[in-house]
Amino acid sequence: MSNPFFRGGSAALPATGARLGRRGSGCLRSYALLAPATLLFVVFMFYPLAYTFYLSFFDWNMTRPTKEFVALDNYIAVFTDPNFGRILGNTALYILLLLLFDFAAPYVFSFLLSFVVRKGKQFYKGAIFLPSVVSLVVGTMIFVWLLNPISGPVAVLAKGLGLTVPIWSNTQGLVIVVLSIMTSWKIFGYNFIVVMAGVSSVPMEVVEAARTDNIPTWRIFWNIVVPMSSATGIYVLILSIVTGMQQIFTPINMITKGGPDNASTNLIYAVYDQAFGYFKTGTASAYAILMMLLFGFLLFLEFRFVERSVYYEN
């Protein structure tokens with residue numbers, strides 16, 4: 001008597017083998033499609049990062065044919081530098097200002113254009129996004145002209161009102177604020193468009209229901225719009241920090257060179273200054289690794305505490 005469990009077994013084995021073969025070919029195709037992007041990451045990201053970490057243990061000025069191994073001396077030199085505390089504080093202040101200008105402000109503008117402003121929305125969107133297509137170098141030159149404390153339009157207007165415009169590039173504290181505004185002027189438009197897409201996805205029915213219940217506008221923004229668009233918000237949060245810290249190098253290098261007295265120097269500019277100003281490749285590499293650790297720490301905090309409250313629609 002034939003066993004029903006083995007009926008047709010000889011035909012099932014080739015079918016199973018065919019499925020496994022198709023699955024294997026699908027995996028190979030997937031790896032083949034991922035290979036170009038993976039190669040680019042390895043060549044332009046992972047290898048430079050590994051080589052930077054390697055150089056941080058050597059004393060080398062980029063001209064000598066040999067490198068001198070100094071172990072942790074470069075890191076010790078960074079931490080014992082009397083300017084390191086100021087540089088670290090400047091970096092933290094830059095990050096806070098960039099989050100204010102390029103994360104919080106786009107959220108408010110997006111909410112106003114989505115749920116408050118009734119007319120001229122397309123004009124406002126285009127006007128806000130327009131600076132994003134302008135070179136940051138050009139934008140920096142425009143700001144230098146506008147804020148010239150002697151002959152700039154702002155100085156002329158202030159003089160007419162009986163006021164005096166300070167020399168912001170030589171003023172402690174104020175220089176960081178102005179440089180952050182210059183950078184944010186360039187970044188704001190792109191972040192605004194991205195946040196606008198997330199805010200516009202909030203169902204209008206929910207907002208109208210809240211208005212029917214006489215909920216204040218600020219509570220609609222804080223308790224409804226922000227949580228329901230948080231998936232987009234966390235992306236813009238990361239983008240504001242990483243892109244902002246990279247872009248702000250341009251106005252620093254063009255205007256202040258890290259001055260006055262390191263008042264505008266941050267970790268990223270310190271990398272450039274040590275490498276191409278003093279030709280201390282090891283110290284510059286140590287600064288670069290510390291900057292990467294700072295980014296990693298901020299990402300850890302973000303995903304550890306912020307990601308838990310992110311709302312994903314589906």
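Helices here are DSSP runs of H or I with at least four residues, numbered from the N terminus. By that rule, Phe-109 sits in helix α3, residues 84-116.

The model is predicted, so local features need pLDDT of at least 70 and side-chain atom pairs count only at pLDDT 80 or more, while totals for chains, interfaces and linings use all residues. Residues are numbered from 1 along each chain as its sequence is written, and side-chain values use heavy atoms, with hydrogens and water left out.

Let's stay with Phe-109 for a moment. Its relative accessibility is 40%, so Phe-109 counts as partly exposed (buried is under 20% relative accessible area, exposed over 50%, partly exposed in between, with a 1.4 Å probe and protein chains only). Leaving aside neighbours within four places in sequence, Phe-109 is in contact (heavy atoms within 4.5 Å) with Ile-128, Phe-188 and Phe-192. Phe-192 is 83 residues from Phe-109 in sequence, yet their C-alpha atoms are 7.5 Å apart.

Now to α12, residues 267-277. Its buried residues are Leu-267, Ile-268, Tyr-269, Ala-270, Gln-274 and Ala-275. After α12 comes Phe-279, with a positive phi near 55°.

α12 also helps line the largest pocket, as do these helices, each supplying at least two residues:

| Helix | Residues |
|---|---|
| α1 | 9-55 |
| α10 | 230-247 |
| α12 | 267-277 |
| α13 | 281-306 |

With 8 residues, α13 gives the most to this lining. Of the 23 lining residues, Pro-48, Leu-49, Thr-52, Ala-288 and Met-292 lie nearest the pocket's centre.

Note on methods: On a 1 Å grid over the protein atoms alone, a cavity is a set of points where a 1.4 Å probe fits but cannot get out, and a pocket is an open set with protein on both sides within 12 Å along at least five of seven lines; lining residues have an atom within 4 Å of a point.
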